[in-house]
Amino acid sequence: MSYILKFRDIGVEDLGLVGGKALNLGILTAAGLPVPPGVVVTTEAYEQVAGSLDLGSPELAADPARARALVMGAAIPDDIAKAVRQFGDVPVAVRSSATAEDLPYASFAGQQDTYLNVIGGDAVLDAVHRCWASLWTDRAVAYRTANGIDHRAVRLAVVIQEMVQSEVAGVMFTANPVTGRRREAVIDASPGLGEAVVSGAVNPDHFVVRDGRILERRLGDKRMAVRSLAGGGVEHVAAEHDAACLTDAQVLALAELGNQVEDHYGSPQDTEWAIDADGTLWLTQARPITTLHPIPQGPPGLRAYFCFSLAQGLTRPITPMGISAIRMLSASVSATVFGSPVADPRAGAPTFHEAGGRIFVDLTPVLRSSLGRALVPRVFDVMEARSATVMRGLFDEPEFSVTHCSKRPAIRRALKLARRFHILPNAVQAIASPEKARRRVAQLGTDLKSRLPLPPGVAPLDHVEWLLSTQIIPIVPSILPAAAPGFIMLGLAGKLLGGKAKPGELASVLRGLPHNVTTEMDLELWHLAERIRKHPEATALHDNPLPPPVREELDGFLTRYGDRAVAEIDLGLPRWREDPSHVIGVLANLLRLEDPSLAPDALFAKGAAEAEKMIADLARRAGRLRGPFIRFALGRARALAGLRELPKYYLVVALATVRDLLRQVGADLAERGAIEKPDDIFFLTLPEAREGGDLRTTITQRRDDYTRELRRRHIPRILLSDGTEPEAVAHTTPTADGALTGTPASSGQITGTARVILDPIGAHLEPGEILVCPSTDPGWTPLFLTAAGLVMEMGGANSHGAVVAREYGIPAVVGVPHATESIETGQQITVDGTSGTVTFA
């Protein structure tokens, strides 16, 4: 058996033998790209040496040092040793190449070991042995664990490659890893071997190249170089290199080579390169860049995409069936709101796009419209302020210059929509009689619920598509005339008050706001906790099954609110009535709250009283003429603004029914063998659910993709079609005192202990802690009941989290960039919801 493969003989079919790094080098060699000659010691050699050691056992996975010692102590069979020793005195690099390396979602960069300038057969054999052992470095084991890769499934090959005694070497990304811009080469270079750049031991020269032009040139001091020693090994030497170590021609040649590598693989690449004493450019490594967010696939030309998922508080991906359902809803929006029916509702509206399991909306038509520029950023100002800033930053880009100046088509559509849904008379009715308006919207909900059950003789999928395409979206413009006048009256009062209202005072009128279905849910959860507290079994919340009295109390809550969930716009996720573990966890938090003055209902009532007092105070300040109107307007704001949550609530109720119907379809597919289990249907699309056939392979791949995207932490708010993230391009200057700044959302100031929470399910929040999170949807708000303050990375003054924080009377700052990274759990912070700052104690 041969344990050695030459690069030119390696093909994709050899992945299991050679690992990611060796496979990439073999493919690049076959493509005629300049790769130094070499061979790979196959994974079969590693298996023969280490296969009997049971390295995948949980005990060894928890003790990497012992696993390494076992590998190093294992005898190497003579045939393997003979094959490795054949290299003689040619200097080589000996590099690890794991089968789990260079994956599309995990590069494993630097997780295993490399040995440079190895000379002599015995030295090469020793380096190979050490590479095998490095599969079990602490960092490699931790990285595999973090990426969900089975230790038992990983094998390791070893690349033995002729050394390039480089005069200059470094790293090149074929897409900008900071801004995300594709086809923009970013090059770091330093004299000597590339190890100095890769390890971060030197300040290299830095170049950025796009379209054959050097856009940026920043020279490092390059005070150290790694050089080969004559007898083998390397040394670190002090150096003096103030001038650029690459000529412009070499920089451009590198960028062009990077384009060739990217074209070959079809995706942006992280490469290492070297230039020898003869000026020859060599590629020594290529791997996918794993940190770039996928780009939505839309029309040609530069486009701007807004992440709708993130605006809804979702950093996690949406299941394929969840996306498929929202596609149909988007088609209904296009037809209902914009008067533009979609030819294929299953494909969604033309502006709807998906990438990385997230929903994006094409903003390009808005940017190119004078009316769109005037209106949409103002909406974003109160819903998602950071996105508004990014959007305005695109106004000066030539690719997004205004091409549509006429407002008439939009005005005609708006008038047609207003006539169809009686918006003006309903708005007048709401101002005249809020009680009648609330009865009207309650009836809308009752009517929708009456249409949700599956009629006799109708196929479940047909009913699902009927609900999604015609029944859900029209409720939004029907409820809008009841909720919007509340905010309009608040705005009018603010205009009339002018400078007589201090910052935060007007917003405080919305504290303790009545008629908000989400607030009512949260307060009912608190009352549920109070009832459970009276039972002797209250401490047994995590028992399975729950004690009967506790279960009975919980079932009453779930009967009313069980259609809700965390990330509830994704119908692929279980509703609370299916899995109440999140609700039980929140109840456990609430039971730890013992101070009556901090009880949520007491705080809510206090906020309502303060709001009424503020209305009286503002009316008094407005004077005898304007005072009565101010009192009336702010009273109507409190009576109507809480209805803003109803459209989403009804949407969620409908989606819960759609989910139940799809589970019926899934049960039928599972019975026919098309899928493994009923819930697998949520990893299909609506058209696929109709087609049937064997869908198990598709589902397995989709689950893998979904699991991979769950690990993605950073999601761009706005993403251009060339991969650029505009917010990353803009350079922000921090405040002098190191404070974090965002949008004021709920006035007041609180100093307390921060608790950073990325996922509310199972989250532990002690009473009085400050909640720091990426964003929120209604599934998060039960945590507000014990929070002393709120800091969010997303949102604006009128986003969901901001509104609920005001209603509970807790200081809040939203739209704080990188809050969950800048703040650590346990830190003492001060949240100033009036100025919009977060400071560290």
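In which helix is the place of leucine 492? In this predicted model, leucine 492 lies in helix α19, and with a relative accessible area of 39% it is partly exposed. Together with Ile488, Phe629 and Phe632, Leu492 forms a nonpolar patch on the surface, whose accessible area comes to about 340 Å² in total. Two elements, α19 (475-497) and α24 (600-640), each give two or more residues to this nonpolar patch.

Helix α24 also takes part in a salt bridge, in which the side chains of arginine 621 and glutamate 505 meet at 2.8 Å, N to O. Since arginine 621 belongs to helix α24 and glutamate 505 to helix α20 (residues 505-508), the pair ties together parts that are 116 residues apart in sequence. Arginine 621 is partly exposed at 22% relative accessibility, whereas glutamate 505, at 13%, counts as buried. In addition, Arg181, Glu184, Arg210 and Asp722 are joined into one network by salt bridges that share partners.

In the whole structure, 48 salt bridges are found, and two further examples may be described. The side chains of glutamate 465 and arginine 346 meet in a salt bridge with an N to O distance of 2.9 Å; because glutamate 465 lies in helix α18 (residues 460-471) and arginine 346 in the loop between α11 (320-336) and β15 (352-355), this pair ties together parts that are 119 residues apart in sequence. Glutamate 465 is buried, with a relative accessible area of 9%, while arginine 346, at 32%, is partly exposed. The salt bridge between the side chains of aspartate 126 and arginine 130 (3.0 Å, N to O) is instead placed within helix α6 (residues 121-133), where the two residues are four apart, or about one turn of the helix. Aspartate 126 is partly exposed at 36% relative accessibility, and arginine 130 is partly exposed at 39%.

Turning to the sheets, six strands form an open sheet in the order β9-β8-β7-β6-β12-β13, with antiparallel pairing. The edges are taken by β9 (213-218) and β13 (281-288), each of which has a single partner strand, so that one side of each is left without a neighbour in the sheet. From one strand to the next, the twist averages 20°. Helix α9 (residues 248-265) lies across β6 (166-173), β7 (184-191), β8, β9, β12 (269-276) and β13, and runs at about 40° to β13.

Within this sheet, strand β8 (residues 205-210) is joined to β9 by five bridges, the two strands running antiparallel. Phenylalanine 207 stands opposite arginine 217 of β9, and valine 208 has glutamate 216 in β9 as its bridge partner. The two strands form a hairpin with two residues between them, and in the turn aspartate 211 has a positive phi of about 55°.

Positive phi values also occur at lysine 222 and asparagine 117. Lysine 222, although not a glycine, has a positive phi of about 50°; it is found in the loop between β9 and β10 (224-228) and, at 0% relative accessibility, counts as buried. Asparagine 117, likewise a residue other than glycine, has a positive phi near 55°, but its place is in strand β4 (residues 114-118), where it is buried with a relative accessible area of 2%.

A further open sheet consists of eight strands in the order β18-β25-β24-β20-β21-β22-β23-β19, and its pairing is mixed. Here β18 (740-741) and β19 (743-746) stand at the edges, and because each has a single partner strand, one side of each is left without a neighbour in the sheet. The pairing of β18 with strand β25 (residues 837-840) is antiparallel and extends over two bridges, with threonine 837 of β25 as the bridge partner of threonine 741. Helix α29 (residues 800-808) lies across β19, β22 (789-792) and β23 (812-814), running at about 45° to β19.

Finally, isoleucine 532 is placed in helix α21 (residues 517-533) and, at 0% relative accessibility, counts as buried. Isoleucine 532 is separated from glutamate 553 by 21 residues in sequence and by 7.2 Å in space, C-alpha to C-alpha.

How values were computed:
Residues are numbered from 1 along each chain as its sequence is written. This is a predicted model: local features need pLDDT of at least 70, side-chain atom pairs count only at pLDDT 80 or more; totals for chains, interfaces and linings use all residues. Side-chain values use heavy atoms; hydrogens and water are left out. Patches are made of residues with over 30% relative accessible area and no salt bridge: like charges are joined within 9 Å, nonpolar side chains (Val, Leu, Ile, Met, Phe, Trp, Tyr) within 5 Å. Accessible areas come from the Shrake-Rupley method with a 1.4 Å probe; for residues, only the protein chains shown count as cover. A salt bridge is a side-chain nitrogen of Lys or Arg within 4 Å of a carboxyl oxygen of Asp or Glu. Buried means under 20% relative accessible area, exposed over 50%, partly exposed in between (1.4 Å probe, protein chains only). Two strands pair if DSSP finds at least two bridges between them. Axes are lines fitted to C-alpha atoms, for helices over the stretch in contact, and angles run from 0 to 180 degrees between N-to-C directions. Contact means heavy atoms within 4.5 Å.
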